[in-house]
Amino acid sequence: MNILVANLAGVKIEADGSVKHFIKAGSRWPMTIGKSRTVDYYPFPFWLAYTSALLKRDTRANVQGLDGVVLDKTGDELLGEVVARKPDLLVVELASLTLADDLEFLARVKNATGCKIVVCGNYATVRDKELLDQNPQLDFAVRGEYEMTVRDLTRALMDEGQIEDVAGLTRRGPDGKAVQNAPRPLLENLDELPFPDRDDFPATIYPDFTLYSPCINVLSSRGCPCGCVYCQERHVMYASPKYRARSAQSVVEEMILCRDRFGARQFYFDDQSFVVRKKHVLEVCAEILRRKLGVPWTVMGDAMFVDREMLEAMAKAGCIGMKFGVESADKGILKNIGKPLDLEKAKTVAKWCKELGIRTHATFCLGLPGETEETIKKSLAYMEALDVDTAQVSKAVPYPGTPMYDWALSHGFLATTDLNRFDGMGSSVMSYPGLPSTEIDRWYALFSRRVARKKLFKYLFEPGQSFSIMAEMWRRKGPLSLSKALWTFVRRAF
């Protein structure tokens, strides 16, 4: 059996010739990231890469991975790639933002190859039965964490089990209607998974919080005890506050392999929050020092979980950067979204990081429950006063399956229910009395220019790190792609 695990096309050419570049699998917020074929941000599609690696290890199938986002492929170009590989089974994630295009693409794949198609990810989890009942080109949907389910499905298709027994799978019954198998519990021991496939999903071409390139993304844990109302991972993929960590030995072994095999000059921990459990953090830091890794690293963290001792241990072990979410500087909004952040502590954490040589990057979000013009002004002032190196801002998108979606729909706060509009970089889909979507868009434009300038000036004053990132893009994607990415980056600041 030939299996293709694919991140669907990232580039769309509109009828007027304009270009949209989407990020899909690997992103917590699928969105339009730019208006050129090549962009400056590509998230690593961890679930797809773990699935590919697991299938290669645990089945007799011939398995390949393919990323239509990082390779800047249009649908037509990706179709040619898929057909050439002659899959018997195609495994993909669906993104609500590009749902119509992706379903049309999969119909073309079915027509051209006749392969069976499995859809996974957030949207497939929430709308599994609906997808199968309305789209004859789809054969299976997987709910929640999907690596083990796809493996068991593959074994069943190869006559090594019964499809009816595959936990987490939605399939068609004898009458053609969608039937849900028993749910699959969360994977308890993350060390059961192999390291993600970084051959077919090329390790060095996914920059994120990159200071030294090539930077390779790693996960040390899954889950978060917080209940932020917009979080798809928390409420859809895991549907649980349970936090699970890999062993420190496994984490550092993966880092050493990536250093030695792929030439990693930096790592980025893309956990929901690397710093949730102090014991885990201290163990990873100790193992990094014991194994003499010698490679710097950055993390997605949270100001609410860290203390000075933890940050000191991280800095000693090579941590040079931490992202953390602020989202809003209004305490009422933070309470509304379920984020227990102390705004004064966030300032203290930024101060500690600066003293320890850890670069900081703060994230903000406009249009959350309770947003007004005054709360946006408060967040903008807080961002400019916060002593962080860089920041970013997005628009609140209440994806189906999250508490925020149900709340916004029931209260009439959605400007549209058209999923093609659910784009953190597009027009706001949230609209409140006194703060319509057009005003959220206006404030976002101002806010995003301020944060883009902050980032641009930081890179200008640190040319060594900037040239390292550009050199890797030149090597992997060529000078034309690099120049377009740079233009996109600079344009955002003005």
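1. Start with the pair α1 and α6: their crossing is right-handed. Keep in mind as you look around that this is a predicted model. When we talk about two packed helices, we give the angle between their axes and the distance between those axes. For α1 and helix α6 (residues 147-157), the angle is about 35° and the axes are 9 Å apart.

2. Now zoom in on who touches whom in that pair. From α1 come Trp 47, Tyr 50, Thr 51, Leu 54, Leu 55 and Asp 58, and they meet Glu 147, Met 148, Val 150, Arg 151, Thr 154 and Arg 155 of α6. Sorted by class, this contact holds six nonpolar, two polar and four charged residues. Try colouring the α1 residues and checking their spacing: an α-helix has 3.6 residues a turn, so residues three or four places apart point the same way.

3. How many residues of α6 are buried? Nine of its eleven, so the helix is mostly covered. The buried ones are Glu 147, Met 148, Thr 149, Val 150, Arg 151, Asp 152, Leu 153, Thr 154 and Ala 156. Charged names turn up in that list, including Glu 147, Arg 151 and Asp 152. Just past the end of α6, have a look at Asp 159, whose phi is positive, at about 65°.

4. Next, the seven-stranded sheet. It is open, its pairing is mixed, and its strands come in the order β5-β1-β6-β7-β8-β9-β10. Which strands sit at the edges? They are β5 (62-67) and β10 (178-180), each of which pairs on one side only. On average, neighbouring strands here are turned by 20° against each other, ignoring direction. For one pairing inside the sheet, take strand β7 (residues 116-120) and strand β8 (residues 140-142): they run parallel and are joined by two bridges. Val 119 has Ala 141 of β8 as its bridge partner.

5. Helices lie across this sheet too. Helix α1 (residues 46-58) crosses over β1 (2-7), β5 and β6 (89-93), and runs at about 165° to β1. Helix α3 lies across β6 and β7, at about 160° to β7. So β6 is a strand that α1 lies across, and α3 lies across it as well.

6. The helix α3 also has a helix partner. Helix α2 (residues 75-85) packs against helix α3 (residues 99-113) at an angle of about 35°, with 10 Å between the axes. This crossing is right-handed. On the α2 side you will find Gly 75, Asp 76, Leu 78, Leu 79, Val 82 and Val 83, and they meet Phe 105, Arg 108, Val 109, Ala 112 and Thr 113 of α3. By class, that contact has seven nonpolar, two polar and two charged residues.

7. There is also a three-stranded sheet. It is open and antiparallel, in the order β2-β3-β4, and its edge strands are β2 (11-13) and β4 (31-34). The twist from one strand to the next averages 40°. Strand β3 (residues 19-23) and β4 are joined by three bridges, and the bridge partner of His 21 in β4 is Gly 34.

8. On to the core. In soluble globular proteins, nonpolar side chains tend to be buried together. Here the largest nonpolar core has 155 residues, and those touching the most other members are Leu 106, Val 119, Phe 267, Trp 297, Met 314, Met 322 and Phe 364. You have already met Val 119, as the bridge partner of Ala 141. Which residues does Met 314 touch, leaving out those up to four places away in sequence? They are Phe 274, Val 275, Val 281, Cys 285, Trp 297, Val 299 and Cys 319.

9. Last, a pair of charged residues worth clicking on. Is Glu 254 buried or exposed? It is buried, because its relative accessibility is 0% and the cut-off is under 20%. You will find Glu 254 in helix α8 (residues 248-262). Beyond its sequence neighbours up to four places away, Glu 254 touches Phe 195, Pro 196, Arg 198, Val 218 and Arg 246.

10. That brings us to Arg 246, in the loop between β13 (244-245) and α8. At 6% relative accessible area, Arg 246 is buried too. Its contacts farther than four places along the sequence include Tyr 50, Leu 190, Asp 191, Phe 195, Glu 254 and His 280. The C-alpha atoms of Arg 246 and Ser 221 are 5.7 Å apart, although 25 residues separate them along the chain.

Terms used
Residues are numbered from 1 along each chain as its sequence is written. This is a predicted model: local features need pLDDT of at least 70, side-chain atom pairs count only at pLDDT 80 or more; totals for chains, interfaces and linings use all residues. Side-chain values use heavy atoms; hydrogens and water are left out. Axes are lines fitted to C-alpha atoms, for helices over the stretch in contact, and angles run from 0 to 180 degrees between N-to-C directions. Helices (H or I, at least four residues) and strands (E, at least two) are DSSP runs, numbered from the N terminus. A crossing is left-handed if the near helix is turned anticlockwise from the far one by less than a right angle, and right-handed if clockwise. Contact means heavy atoms within 4.5 Å. Two strands pair if DSSP finds at least two bridges between them. A nonpolar core is a set of buried Ala, Val, Leu, Ile, Met, Phe, Trp, Tyr and Cys residues joined through side-chain atoms within 4.5 Å. Buried means under 20% relative accessible area, exposed over 50%, partly exposed in between (1.4 Å probe, protein chains only).
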